[in-house]
Amino acid sequence: MAKKTYSVSSKLWIKEHFDDLSVQKQQNQGDCFEDVFKLEQIQQKFNFIKLGMRVVDLGAAPGGWSQYVASLVGDSGKVFSCDILDMKPIEKVDFIQGDFRDEAVLNTLLNKIGGKPVDIVLSDLTTNGNGSATAVQASNTYLSELAFDLCRQILKPNGVFIVKAYKGEGFDEFYSELKDAFSVVNTSELIYALAKSNEVYLVAAGYKL
Ligand SMILES: C[S@@+](CC[C@H](N)C(=O)[O-])C[C@H]1O[C@@H](n2cnc3c(N)ncnc32)[C@H](O)[C@@H]1O
């Protein structure tokens, strides 16, 4: 397996958080660093997340992406995060624990967002259930689709959607739906190489209402 290299900024960010016991605990629980590293690569390449932005993070636990995004949007920005699983409170992150497919959870999220469209929707959703590869693929693709449905409600014109998608049944349809709805849909070889074999991060920009 090829040795992974970290950028200087990535190393600094990791070093800064290595002393944080909570992050060490999260690392044991869910390989938080791997997840952050993927988003950091996307950010380095596309630089979409900026100071003052309002960002929604779906499938946020144990919190790596939310913590990283909160550091990028700063005090003037806002991060709304949601996960079925609980996660440790993170400064400047408004976390809702629950299944975003549940109406009550979704409404809580929408209320917090408060009718003002957001700049970016992130989805790192992965189904928590087990089952056959086909069932897991279907469930994961469904989650990506639902995250896109949420974009239709909360994403502002020209907004960005960064979503973990799953190659296999349903992928081509999902990809072409995004291509219709956004000006540009990117994937990255680098990002893809790091991700698990059938995962691919789609970076869709220029949301067309
Ligand atoms: C790969 S993890 C996310 C890691 C996260 N990006 C980070 O940096 O720490 C995927 C998450 O999706 C969550 N998830 C799956 N289905 C969900 C749903 N219907 N509603 C909310 N969260 C969900 C899981 O609980 C899991 O924590």
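A residue is termed buried under 20% relative accessible area, exposed over 50%, and partly exposed in between. In the present structure, which is a predicted model, Tyr175 has a relative accessible area of 24% and is therefore partly exposed. Tyr175 shares helix H7, which spans residues 171-181, with Phe171. The relative accessibility of Phe171 is 9%, so this residue counts as buried.

The two side chains of this helix form an aromatic pair. A pair of aromatic rings is described by the distance of the centres and the angle of the planes. For Phe171 and Tyr175 the centres are 5.9 Å apart and the planes meet at 10°, so the pair is classed as stacked. The two residues are four positions apart in H7, about one turn of the helix. An α-helix has 3.6 residues a turn, so residues three or four places apart point the same way. Helix H7 also contains Glu177, which is partly exposed because its relative accessibility is 25%. The C-alpha atom of Glu177 lies 9.4 Å from that of Glu145, although 32 residues separate the two in sequence.

In total, eight aromatic pairs were identified. One of them joins Phe148 and Phe161, whose rings are stacked with a centre-to-centre distance of 6.1 Å and an angle of 20° between the planes. Phe148 belongs to helix H6 (residues 133-154) and Phe161 to strand S5 (residues 155-166), so this pair ties together parts that are 13 residues apart in sequence. Both rings belong to residues with little accessible area: Phe148 is buried at a relative accessible area of 1%, and Phe161 is buried at 0%. The pair forms part of a cluster in which ring pairs link Phe148, Phe161, Phe174, Phe182 and Tyr207. Phe148 additionally has a charged neighbour, as the charged end of Arg152 sits over its ring at 4.0 Å from the centre.

The ligand is surrounded by 21 residues, and the closest are Trp65, Asp83, Asp99, Asp124 and Asn128. By residue class, the shell consists of nine nonpolar, six polar and six charged residues. Several polar atoms of the protein approach the ligand. A polar side-chain atom of Asp99 is 2.8 Å from a ligand nitrogen, and a polar backbone atom of Trp65 is 2.9 Å from a ligand oxygen. A polar backbone atom of Phe100 lies 3.2 Å from a nitrogen atom of the ligand. On its own the ligand has 610 Å² of accessible area, of which the protein covers 93%.

Trp65, one of the residues closest to the ligand, is also among the buried residues of helix H4. This helix comprises residues 64-73 and is mostly covered, with eight of its ten residues buried. The buried set consists of Gly64, Trp65, Ser66, Gln67, Tyr68, Val69, Ala70 and Val73. Gly74 follows H4 and has a positive phi near 70°. On the other side of the helix in sequence, Pro62 occupies the loop between strand S1 (54-58) and H4. The peptide bond that leads from Ala61 to Pro62 is cis, with omega near 5°.

Tyr68 of H4 is also related in space to helix H3. The C-alpha atoms of Tyr68 and Glu40 are separated by 8.2 Å, while the residues are 28 positions apart along the chain. Glu40 is located in H3, which covers residues 32-46, and its relative accessible area of 5% makes it buried.

Positive phi values were also found in residues other than glycine. In Asn47, phi is near 50°; this residue lies in the loop between H3 and S1 and, at 41% relative accessibility, counts as partly exposed. In Asn158, phi is near 70°. Asn158 is placed in strand S5, and its relative accessible area of 58% classifies it as exposed. Strand S5 thus holds both the exposed Asn158 and the buried Phe161.

Key
Residues are numbered from 1 along each chain as its sequence is written. This is a predicted model: local features need pLDDT of at least 70, side-chain atom pairs count only at pLDDT 80 or more; totals for chains, interfaces and linings use all residues. Side-chain values use heavy atoms; hydrogens and water are left out. A residue is near a molecule or strand if one of its heavy atoms lies within 4 Å of it. A polar contact is a pair of N or O atoms within 3.5 Å; within protein, one must be able to donate a hydrogen and the other to accept it, and residues adjacent in sequence count only if both atoms are side-chain atoms. Accessible areas come from the Shrake-Rupley method with a 1.4 Å probe; for residues, only the protein chains shown count as cover. Ala, Val, Leu, Ile, Met, Phe, Trp, Tyr, Cys and Pro count as nonpolar, Asp, Glu, Lys and Arg as charged, and the others, Gly among them, as polar. Rings of Phe, Tyr and Trp (its six-membered ring) pair if their centres lie within 6.5 Å; planes under 30 degrees apart count as stacked, over 60 as edge-to-face and the rest as tilted. Buried means under 20% relative accessible area, exposed over 50%, partly exposed in between (1.4 Å probe, protein chains only). A charge sits over a ring if NZ of Lys or CZ of Arg is within 6 Å of the ring centre and within 35 degrees of the ring normal.
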